[in-house]
Amino acid sequence: MTKIPDRETGQAPAVPPPPPLRIAVLRTLLRIAAIVALAVAIHQATDWLMDQIVTMPIEYRGPATILLVGALLWCYALLLAIPFVPGVEIGLAVLMAYGAAGAPFVYLATCLGLLLAYCVGRFLPVASLIAVFRDLHMRRACELLSRMEPLDGPARLALLRGHLPERLAPAALKWRYLALALLINLPGNAVIGGGGGILLMAGLSRIFLFRSVVLTIVLAVAPVPLAVIIFGAGIID
């Protein structure tokens, strides 16, 4: 076990060393493959269902289409909740394809997906996330999570404050919901975990209140779908 002293408390949580590189790469590739397989399965299932709807009697097509849209809504929300999935880009692609008619569905699914990721983070065992970071050889992240695990919300907030630059810490934590909203809308945020990863970490940190996160998500996601409804999909070309 490697022990790194905590600069605030002096405690040294034990962090298992990362696995051999080939094992870590294999596990990471398997996780990525599972995400890709899920996305492909959803796409294939959607095409198959659309073909089936076309062959149905006219009186059944309406209800079947509504059920399909509802299923797609949940599938998109599920994909968006997965870390490192480019949710912003997927949402923009759907908006460009379906325009104002698809905007309410994209908005609702995006809110549901981000909220799902936050809720998973709230109840996800920290050890599970540490295992993922160990496979990525992100030792500093593992050490920080190990220190955070036994702490309550205020103590975690104090620990995070100690790991931020002294001049930046007060503003960063005071305006953390604004920072969360900006990160959700940041193009290319898949590099830092995507909307799902960002909200997962927000839930895991225990420093974001549920009702405030809901309000942040609802407001942060609204501008683009609302603009598409008002001005049309051409606004994002």
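## A first look at this predicted model

At 45% relative accessibility, Ile32 counts as partly exposed, since that label covers whatever falls between buried (under 20% relative accessible area) and exposed (over 50%), worked out with a 1.4 Å probe and protein chains only. What you have here is a predicted model, where local features need pLDDT of at least 70 and side-chain atom pairs count only at pLDDT 80 or more, while totals for chains, interfaces and linings use all residues. Residues are numbered from 1 along each chain as its sequence is written, and side-chain values use heavy atoms, with hydrogens and water left out.

**The chain as a whole**

- The secondary structure adds up to twelve helices and two strands; these are DSSP runs numbered from the N terminus, with helices (H or I) of at least four residues and strands (E) of at least two.
- Going along the sequence, you meet the pattern β-β-α-α-α-α-α-α-α-α-α-α-α-α.
- The chain has 237 residues, and 35% of them count as buried.
- Its accessible surface is about 13900 Å², with 73% of that belonging to carbon and sulfur atoms; areas like this come from the Shrake-Rupley method with a 1.4 Å probe, and for residues only the protein chains shown count as cover.
- Take the contacts in the chain with a separation of 6 or more: residues 24 or more positions apart account for 69% of them. Contact here means heavy atoms within 4.5 Å.

**A nonpolar patch on the surface**

- Back to Ile32, which has its place in helix H1 (residues 21–54).
- Ile32 joins Leu21, Val25, Leu29, Val36 and Val40 in a nonpolar surface patch, and together they have about 530 Å² of accessible area.
- Patches are built from residues with over 30% relative accessible area and no salt bridge, joining like charges within 9 Å and nonpolar side chains (Val, Leu, Ile, Met, Phe, Trp, Tyr) within 5 Å.
- A salt bridge, for its part, is a side-chain nitrogen of Lys or Arg within 4 Å of a carboxyl oxygen of Asp or Glu.

**Aromatic rings**

- The structure holds two aromatic pairs. Rings of Phe, Tyr and Trp (its six-membered ring) pair if their centres lie within 6.5 Å, and planes under 30 degrees apart count as stacked, over 60 as edge-to-face and the rest as tilted.
- Tyr118 and Phe210 make a tilted pair, because their ring centres are 6.2 Å apart and their planes stand at 40°.
- Tyr118 belongs to helix H4 (residues 103–123) and Phe210 to helix H11 (residues 210–221), so this pair ties together parts that are 92 residues apart in sequence.
- Tyr118 is buried, at 0% relative accessibility, whereas Phe210 is partly exposed at 45%.
- Tyr177 and Phe208 form an edge-to-face pair, 5.3 Å centre to centre with 90° between the planes.
- Tyr177 is in helix H9 (residues 176–184) and Phe208 in the loop between helix H10 (194–205) and H11, so the pair ties together parts that are 31 residues apart in sequence.
- Both Tyr177 and Phe208 are buried.
- Phe208 has company too: the charged end of Arg176 sits over its ring, 5.9 Å from the centre. That label asks for NZ of Lys or CZ of Arg within 6 Å of the ring centre and within 35 degrees of the ring normal.

**Around H10 and H11**

- Thr216 lies in helix H11 and is buried, at 10% relative accessibility.
- Setting aside neighbours within four places in sequence, Thr216 is in contact with Tyr177, Leu180 and Ala181.
- Arg206 is in the loop between H10 and H11, and at 26% relative accessibility it counts as partly exposed.
- The phi of Arg206 is near 65°, a positive value in a residue other than glycine.

**Other buried spots**

- Ala77 is in helix H2 (residues 58–80) and is buried, with a relative accessible area of 3%.
- Neighbours within four places aside, Ala77 is in contact with Ala109, Leu112 and Gly113.
- Ala77 and Ala117 are 40 residues apart in sequence, and 9.4 Å apart in space from C-alpha to C-alpha.
- Ile130, in helix H5 (residues 126–135), is buried with a relative accessible area of 9%.
- Not counting residues up to four places away in sequence, Ile130 touches Cys142, Leu145 and Ser146.
- Gly102 sits in the loop between helix H3 (87–98) and H4, and it is buried with a relative accessible area of 9%.
- Gly102 and Val228 are 126 residues apart along the chain, with their C-alpha atoms separated by 9.3 Å.
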